[in-house]
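Student: I am new to this structure. Please take me through one part of it closely, and show me how that part sits among its surroundings.

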Amino acid sequence: MVFNLIAKNIPKLATLNTRVLLNKNTQFLIQNRNVAMSKTINVFFIDRNGDKQKAKAKIGTSLLDVAIDNNIDLEGFGACEGTLSCSTCHLILRKEDYEQLKAPNDEENDMLDLAFGLTPTSRLGCQITVTDKMDGWVFVVPKDVSDARG
Ligand code: FES
């Protein structure tokens with residue numbers, strides 16, 4: 001029933017500048033990409049070589065989108081394109097930043113358990129939505145990557 005409702009409306013959703021994805025539990029994830037008018041902030045990625053890379057981040061997008069939109073070269077990052085099935089978008093946050101975010105849900109925690117170099121302040125970039133308060137935040141990309149899909 002819900003599947004039919006969503007499937008029937010996918011063309012309409014697509015025209016509203018959304019991205020429709022199917023996650024590992026075959027649930028539709030509908031991400032609103034209609035952020036052209038959104039304010040941007042600056043965030044930083046520390047890449048696998050330890051280099052700091054500045055990125056413009058649109059409010060309302062995910063950190064995975066930020067990396068892609070800024071052509072940040074993070075080898076293997078975001079392999080499942082945000083469908084929460086790979087853990088390659090693993091990021092390590094500063095403790096003070098981590099504590100300002102809502103706790104990860106069970107699905108994200110399950111995927112984090114499969115990430116390389118898990119820390120107490122680890123999150124998945126595809127699950128973090130950029131907000132105003134993140135201006136200047138730094139996200140460390142672990143030295144290696146582990147794709148949970150094998
Ligand atoms: S991009 Fe695959 S879990 Fe985030």
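Tutor: Start with the largest nonpolar core, which has 27 residues. Val-43, Phe-45, Val-66, Leu-91 and Phe-139 have the most contacts inside this core. Several elements feed it: strand 3 (40-46), strand 4 (52-58), helix 2, strand 5 and helix 4 (106-112) each supply at least two residues. Helix 2 gives the largest share, four residues. Keep in mind that this is a predicted model.

Now look at Phe-45. Leaving out residues up to four places away in sequence, Phe-45 touches Asp-51, Lys-52, Gln-53, Ala-55, Leu-63, Val-66, Ala-67, Ile-72, Leu-74, Leu-91, Phe-139 and Val-141. Val-66, Leu-91 and Phe-139, among these partners, are also on the list of residues with the most contacts inside the core.

Next, strand 3. Six of its seven residues are buried, so strand 3 is largely enclosed by the rest of the structure. Seven bridges tie strand 3 to strand 4, and the two run antiparallel. Val-43 stands opposite Ala-55 of strand 4. Strands 3 and 4 make a hairpin, with five residues between them. In that turn, Gly-50 has a positive phi of about 90°. Strand 3 also pairs with strand 7, in the parallel sense, over three bridges. There, Phe-44 has Val-138 of strand 7 as its bridge partner.

Strand 7 leads us on to strand 5. Strand 7 covers residues 138-140, and two bridges join it to strand 5 in an antiparallel arrangement. Strand 5 is also antiparallel to strand 6 (residues 122-124), with three bridges between them. Ile-92 takes part in both pairings. Its bridge partner in strand 6 is Ser-122. In strand 7, the partner of Ile-92 is Val-140.

Which way do the residues of strand 5 point? His-90 and Ile-92 point one way, and Leu-91 and Leu-93 the other way. All four of these residues are buried. Leu-91 is the one we met in the core, among the residues with the most contacts there.

Step back along the chain from strand 5. Thr-88 sits in the loop that runs from helix 2 (63-69) to strand 5 (90-93). Why does Thr-88 count as buried? Its relative accessibility is 3%, and the cut-off for buried is under 20%. Setting aside neighbours within four places in sequence, Thr-88 is in contact with Arg-48, Gly-76, Phe-77, Gly-78, Ala-79, Val-145, Ser-146 and Asp-147.

Ser-87 belongs to the loop between helix 2 and strand 5 as well. Its relative accessible area is 3%, so Ser-87 is buried. The Ser-87 side chain reaches the backbone oxygen of Ser-146 at 3.0 Å. Beyond residues up to four places away, Ser-87 touches Met-111, Leu-114, Ala-115, Leu-124, Ser-146 and Ala-148. Ser-146 thus appears in the contacts of Thr-88 and in those of Ser-87.

Two cysteines come next. Cys-86 is buried, at 1% relative accessibility. Cys-80 is buried too, with a relative accessible area of 8%. How many disulfides are there? The count is zero, where a disulfide needs two cysteine sulfur atoms within 2.5 Å.

Two residues of this loop deserve a look at their backbone. Glu-81 lies between helix 2 and strand 5. Its phi is near 60°, a positive value in a residue other than glycine. Leu-84 is in the loop between helix 2 and strand 5. Phi of Leu-84 is near 55°, again positive in a residue other than glycine. Are these two buried or exposed? Glu-81 is exposed, with a relative accessible area of 52%. Leu-84 is buried, at 4%.

Finish in another loop. Asp-132 has its place between strand 6 and strand 7. Asp-132 is partly exposed, with a relative accessible area of 45%. Its C-alpha atom is separated by 8.3 Å from that of Thr-40, although the two are 92 residues apart along the chain. Not counting residues up to four places away in sequence, Asp-132 touches Lys-39, Ile-41 and Ile-59.

How values were computed:
Residues numbered from 1 in each chain as written. Predicted model: local features only at pLDDT ≥ 70, side-chain atom pairs only at ≥ 80, totals over all residues. Heavy atoms only, no water. Buried < 20%, exposed > 50% of the residue type's maximum accessible area, 1.4 Å probe, protein only. Contact = heavy atoms within 4.5 Å. Pairing = 2+ DSSP bridges. Core = buried A, V, L, I, M, F, W, Y, C linked by side-chain atoms within 4.5 Å. Polar contact = N/O pair within 3.5 Å; in protein donor to acceptor, adjacent residues only side chain to side chain.
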